[in-house]
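Subject: The structure, plus some notes

Hi,

Here is the structure I promised to pass along. Have a look at it first, and then my notes follow underneath.

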Amino acid sequence: MSRMQAFVPVSGAAAWLPRANIDTDVIVRIERLTTLARDQLGPYALEALRYRDDGSEEPSFTLNQPAFRGAPVLLAGENFGCGSSREGAVWALMGMGLRCVIAPSFADIFFNNCFQNGMLAIRLPAGDIEALARACADGSPLTVDLQACTLAHDSAGTLPFAVDPLRREALLQGLDDIGLTLKDDALVREWQAADRQRRPWAWPAPTAAVRLVPAE
């Protein structure tokens, strides 16, 4: 089966990035994807925001601050992940330690790519996200429980969230779309065998491979 890292309860700092329209080119530049392997992208996630022109860290950027370095949760602004359809954007964010992004809205392709790679994307009203950001501003942990579909914080209490049931099952089991399909491999084969009996004309015998002989 096609497996990815299963989503278990995550508890840790939740960094706030209250900018709308963070696009995939900001999340990871295209030239990084052409020169680096998937597991090498983490240091280059959000690099335009994380680093100064001389390559040193920008100390005012949330994810560079000690309380939020390596935070597993990102509280983001509207339309997060817009721009080009770039699966590497999710890889880069996960490479810097993120497992969950919470925003009022996401670009559709980025949202889908999250679930295909083991990242939980949660849509919440902007007011709820701002309240979570205030509660987590000191670096105190936010717990994301996908089994219970809750966000929990000592001072902010517990907040429910909604997620598509099939996507939830896939994340909990660490399966992408192919993996979910292969779970029913026996049923698929059973159906194919029965359909061959019902409609043999729809299942032509494979033709022999044609061997091409180069002209002399």
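**Overall picture**

Of the 216 residues in the chain, 40% are buried. Keep in mind that this is a predicted model, so please read everything below in that light. DSSP-style bookkeeping gives the chain 9 helices and 8 strands. If you take the contacts with a separation of 6 or more, 64% of them are between residues 24 or more positions apart.

**The sheet**

In what order do the strands of the open sheet run? There are 4 strands, arranged as β2-β3-β4-β5, and the pairing is parallel. At the edges you'll find β2 (14-17) and β5 (120-123); each has a single partner strand, so one side of each is left without a neighbour in the sheet. On average, and ignoring direction, neighbouring strands here are turned by 20° against each other.

To see one of these pairings in detail, look at β3 (residues 73-76) and β4 (residues 100-103), which are parallel and share 3 bridges. If you want a spot to zoom in on, L75 has I102 in β4 as its bridge partner. As a reminder, strands of a sheet pair through backbone hydrogen bonds, either parallel or antiparallel.

**The hairpin**

For the antiparallel version, go to β7 (residues 150-153) and β8 (residues 157-160), which are joined by 4 bridges. The link from β7 to β8 is a hairpin through 3 residues. Within that pair, A152 has T158 in β8 as its bridge partner.

**The aromatic rings**

This was the part I spent some time on. How many aromatic pairs are there? The count comes to 5. One of them is F106 with F110, a stacked pair at 6.3 Å centre to centre with 15° between the planes. That angle counts as stacked because the cut-off is under 30 degrees. F106 also pairs with F111, and this pair is tilted: the centres are 5.5 Å apart and the planes make an angle of 45°.

Are these rings buried or exposed? F106 has 6% relative accessibility, so F106 counts as buried. F110 comes out at 2%, so F110 is buried too. F111 is likewise buried, as is F106. Taken together, ring pairs link F80, F106, F110, F111 and F115 into a cluster.

**Charges over rings**

F111 has another partner worth a look: the charged end of R123 sits over the F111 ring, 3.8 Å from its centre. Elsewhere, R199 lies over the face of W201, at 5.4 Å from the ring centre.

**Cysteines**

Which cysteine sulfur is nearest to that of C114? First, the total: the structure holds 0 disulfides. For C114, the nearest cysteine sulfur belongs to C100 and is 9.2 Å away, and C114 is in no disulfide. A disulfide needs the two sulfur atoms within 2.5 Å, so a 9.2 Å separation does not qualify. C114 is at 0% relative accessibility and therefore counts as buried. C136 is buried as well, with a relative accessible area of 0%.

If you open the model, I'd begin with the F80, F106, F110, F111 and F115 cluster, then go to R123 over F111, and finish with the hairpin between β7 and β8.

Cheers

Notes. Residues are numbered from 1 along each chain as its sequence is written. This is a predicted model: local features need pLDDT of at least 70, side-chain atom pairs count only at pLDDT 80 or more; totals for chains, interfaces and linings use all residues. Side-chain values use heavy atoms; hydrogens and water are left out. Rings of Phe, Tyr and Trp (its six-membered ring) pair if their centres lie within 6.5 Å; planes under 30 degrees apart count as stacked, over 60 as edge-to-face and the rest as tilted. Buried means under 20% relative accessible area, exposed over 50%, partly exposed in between (1.4 Å probe, protein chains only). A charge sits over a ring if NZ of Lys or CZ of Arg is within 6 Å of the ring centre and within 35 degrees of the ring normal. Two strands pair if DSSP finds at least two bridges between them. Helices (H or I, at least four residues) and strands (E, at least two) are DSSP runs, numbered from the N terminus. Axes are lines fitted to C-alpha atoms, for helices over the stretch in contact, and angles run from 0 to 180 degrees between N-to-C directions. Contact means heavy atoms within 4.5 Å.
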